[in-house]
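The following exercises are to be worked with the sequence and the coordinates at hand. Each task is followed by a solution in steps.

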Amino acid sequence: MRPLVAGNWKMNGLASSLGELSRLKEALAARAPAYDVLVCPPVTLLARAVDAAAGAFAVGAQDCHALPGGAYTGDISAEMLRDSGASFVIVGHSERRQLHGERDGDVAAKAGAAWRAGLTAIICIGESEAQRDAGDANRVCGDQIDGSVPEGATAANTVIAYEPVWAIGTGKTPTLTEITAMHGHIRSVLVRRLGEAGRGVRILYGGSVKPDNASEILNLPEVGGALVGGASLKASDFLSVIAGLSPS
Ligand code: PGA
């Protein structure tokens, strides 16, 4: 399983940020990496990011509409993302679930839209702090997988991102033991739900991944990479996170 390190720029980035992508490309093009690198800039920069990447890393989007087109002012379909050069799309990020009221069924529909357009869906799940404190994290994440991951998910079309809501942008992370336990749980839910196909789906950890903790997190069992927010905005930080992957 090739690890995937994905950067989520969220609502950050102007044309002046494209230099970061050129620096990333320069650094990655000089290697023959045994891992995949992805940057998800705001959609306004998508096509220019694809040009800047020049094939040295993949480019994705942060959300899509479930339908291919129609009277949905302001929305963007998976087909449009694909047409702009995206190969991945994040769906069900906790910021979408919290701030836009997206529910598991919406997320599943968006994942299906991603597949329809030929994109790989990065389906995000994760518990709140209250849910973890109540001992409910496993159940919450299991239910989110059942509700958000459509049947037909494979290693090629789907990536799961486990992002505890309380770890996003806070500098707090679960312990390594907690991350290992949750990733093992997610794997067992995926295998129960998808059979053998569930064994190959990459499970990323996300939430305050930084250069100084990347190595210990990325090398845990069942951690197939990371979804990185703040530390993906500067090429130097993102490259330091990527460097946390053990050479294989
Ligand atoms: P963070 O964000 O790395 O800034 O915590 C992660 C994410 O929300 O994907």
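A residue is called buried under 20% relative accessible area, exposed over 50%, and partly exposed in between. The model treated here is predicted.

**Exercise 1. Locate Gly69 and state whether Gly69 is buried, partly exposed or exposed.**

Step 1. Gly69 belongs to the loop that runs between strand E3 (58–61) and helix H3 (78–83).

Step 2. The relative accessible area of Gly69 is 44%, so the residue is partly exposed.

Step 3. As a distance check, take Gly69 and Ser148: they are 79 residues apart in sequence, and their C-alpha atoms are 22 Å apart in space.

**Exercise 2. Determine the class of Glu216 from its relative accessibility.**

Step 1. Glu216 is placed in helix H10 (residues 214–218).

Step 2. Its relative accessibility is 44%, and Glu216 therefore counts as partly exposed.

Step 3. Between the C-alpha atoms of Glu216 and Ser246 the separation is 9.8 Å, with the two positions 30 residues apart along the chain.

**Exercise 3. Find the residues with a positive phi at Ser208, Glu222 and Gly195, and describe their settings.**

Step 1. Ser208 is not a glycine, yet its phi is positive, at about 60 degrees. The residue sits in the loop between E7 and H10, and with 8% relative accessibility it counts as buried.

Step 2. Glu222, again not a glycine, has a positive phi of about 65 degrees. Its loop lies between H10 and strand E8 (225–228). At 34% relative accessibility, Glu222 counts as partly exposed.

Step 3. Gly195 comes just after H8 and takes a positive phi of about 70 degrees.

**Exercise 4. Which residues does Arg202 contact, leaving aside its neighbours within four places in sequence?**

Step 1. Arg202 is part of strand E7 (residues 202–206).

Step 2. With a relative accessible area of 11%, Arg202 is buried.

Step 3. Beyond those sequence neighbours, the contacts of Arg202 are Met1, Arg2, Pro3, Leu4, Asp36, Thr158, Val159, Ile160 and Gly224.

**Exercise 5. Compare the span of helix H1 with its expected span, and identify what covers its buried residues.**

Step 1. H1 (residues 18–29) contains 12 residues, and from first to last C-alpha it reaches 16 Å, close to the 16 Å expected at 1.5 Å a residue.

Step 2. The buried residues of H1 are Leu18, Glu20, Leu21, Leu24, Ala27 and Leu28.

Step 3. Their cover includes strand E2 (36–40), helix H2 (46–53) and helix H11 (235–242).

**Exercise 6. Describe the packing of H1 against H2 and against H11.**

Step 1. Two packed helices are described by the angle between their axes and the distance between the axes.

Step 2. For H1 and H2 the angle is about 30 degrees and the axes are 8 Å apart. The two helices are therefore roughly parallel to each other, and the crossing is right-handed.

Step 3. On the H1 side, Leu18, Leu21 and Lys25 meet Arg48, Ala49, Ala52 and Ala53 of H2. By class, this contact of H1 with H2 holds five nonpolar, no polar and two charged residues.

Step 4. For H1 and H11 the angle is about 35 degrees, with 9 Å between the axes. This crossing of H1 and H11 is right-handed.

Step 5. Here Glu20, Arg23, Leu24, Ala27 and Leu28 of H1 meet Ala235, Phe238, Leu239 and Ile242 of H11. The contact of H1 with H11 comprises seven nonpolar, no polar and two charged residues.

**Exercise 7. Examine the span of helix H8 and its contact with helix H7.**

Step 1. H8 (residues 176–194) has 19 residues, which should span 27 Å at 1.5 Å a residue; the end C-alpha atoms are 26 Å apart, in agreement.

Step 2. Buried in H8 are Ile179, Met182, His183, Ile186, Arg187, Val189, Leu190, Val191 and Leu194.

Step 3. The axes of H7 (residues 137–148) and H8 come within 10 Å and cross at roughly 35 degrees, in a right-handed crossing.

Step 4. From H7, Ala137, Asn138, Cys141, Gly142, Ile145 and Asp146 take part; from H8, Met182, His185, Ile186, Val189, Leu190, Arg192 and Arg193. Divided by class, the residues of this contact are seven nonpolar, three polar and three charged.

Terms used
Residues numbered from 1 in each chain as written. Predicted model: local features only at pLDDT ≥ 70, side-chain atom pairs only at ≥ 80, totals over all residues. Heavy atoms only, no water. Helix = DSSP H or I, 4+ residues; strand = E, 2+ residues; numbered from the N terminus. Expected span 1.5 Å × (residues − 1). Buried < 20%, exposed > 50% of the residue type's maximum accessible area, 1.4 Å probe, protein only. Contact = heavy atoms within 4.5 Å. Axes fitted to C-alpha atoms, helices over the stretch in contact; angles between N-to-C directions. Parallel < 35°, antiparallel > 145°, perpendicular 65-115°, else oblique. Left-handed = near helix turned anticlockwise from the far one by under 90°. Nonpolar A, V, L, I, M, F, W, Y, C, P; charged D, E, K, R; others polar.
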